[in-house]
Every structure is written in C-alpha cells, then in structure tokens.
Amino acid sequence: MSDQKFFAQPDETAWTELAPGNTRRVLIHTPELMQVEFGFEKGAVGALHSHPHVQVSYVAEGRFEVTIDGVTEVVGQGGSFIVPSGLVHGVVALERGRLIDVFTPHRADFL
C-alpha cells in the first residue's frame, strides 16, 4: 500500500493568514505537484513576486486584476491564468474572491 495521499476533504487543512484580507491553505500535494486555495477580501493584494515553480491559477470566485511580467488583465470567476517559472506576478482582488493555484514542483515554503 502506498503512503501517497489520493484525496483531500473540505476543511481538512487550516487557513493561514498571510496579510490583512489574504489567506491560504494547502489542499493536497506530492513532491511534483501542489494545489493551494487562496482567499481574498475586496482590495486585498497578492504582492508582486516570483518563484521557480510553474503556476496555474483558476478563479473560483470573484474578479482579480492579474499582472504577469508587466502585462495586466482582469480575470473573473471561471477564468484562469498561467505563470511560467521566474516571471514576476501578483493580483489585486477587485471583489471578495478565491483562487485555486497549482504549482509544479510543490512549494516547500508553504508546508
């Protein structure tokens, strides 16, 4: 039997406050892949940053002003964006919302 976790249930992991109006919880991960949920209050900022991981994000709720490598676009509920390794990116929540991010490889700094 494998010790690989195949399932994650709602509310299984705790939320971490990152900044006022900005929270995160790791949903599930393997060494190669990680899924993370971010919660934002209206006006909350995911500050510009970069990391070596490839990231794909799904807007589960709300609308976000997303900046990737100096290009900004508004992405609403049901939309997605991808951030290649090393590019500077960040978001501003135009309304209360949630992002579901997937990283490869996993973000050891989130564990």
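In this predicted model, strand β3 (residues 34-40) runs antiparallel to strand β10 (residues 97-104), the two being joined over seven bridges. Within that pairing, E37 has I100 of β10 as its bridge partner. Strand β10 also pairs in the antiparallel sense with β5 (residues 54-61), again over seven bridges. Here the bridge partner of E61 is R98 in β10.

The segment after β10 holds P105. The peptide bond between T104 and P105 is cis, with omega at about -10°.

**Positive phi angles**

Two aspartates have a positive phi without being glycine. D11, in the segment before β1 (16-19), has phi near 65°. D69 sits in the loop between β6 (63-68) and β7 (71-76), and its phi is near 55°. Are these residues buried or exposed? D11 has a relative accessible area of 64% and is therefore exposed. D69 is exposed as well, because its relative accessibility is 52% and the cut-off for exposed is over 50%.

**Salt bridges**

The whole structure contains eight salt bridges. Three of them are listed below with their N to O distances.

| Salt bridge | N to O distance | Relative accessible area |
|---|---|---|
| K5 and E12 | 2.3 Å | K5 35%, E12 41% |
| R96 and E41 | 3.4 Å | R96 54%, E41 40% |
| E95 and R63 | 3.6 Å | E95 32%, R63 37% |

K5 counts as partly exposed, and so does E12.

The salt bridge between R96 and E41 has its closest N and O atoms 3.4 Å apart. This pair links distant parts of the chain: R96 lies in the loop between β9 (89-93) and β10, E41 lies in the loop between β3 and β4 (45-49), and the two are 55 residues apart. R96 is exposed, whereas E41 is partly exposed.

The side chains of E95 and R63 also form a salt bridge, at 3.6 Å from N to O. Distant parts of the chain are linked here too, with E95 in the loop between β9 and β10, R63 in strand β6, and their positions 32 residues apart. E95 is partly exposed, and R63 is partly exposed.

Which residues are joined into one network by salt bridges that share partners? They are D11, R25, E37, E61 and R98. Of these, E61 and R98 are also bridge partners in the pairing of β5 with β10, and D11 is the exposed residue with phi near 65°.

Notes
Residues numbered from 1 in each chain as written. Predicted model: local features only at pLDDT ≥ 70, side-chain atom pairs only at ≥ 80, totals over all residues. Heavy atoms only, no water. Pairing = 2+ DSSP bridges. Helix = DSSP H or I, 4+ residues; strand = E, 2+ residues; numbered from the N terminus. Buried < 20%, exposed > 50% of the residue type's maximum accessible area, 1.4 Å probe, protein only. Salt bridge = Lys/Arg side-chain N within 4 Å of Asp/Glu carboxyl O.
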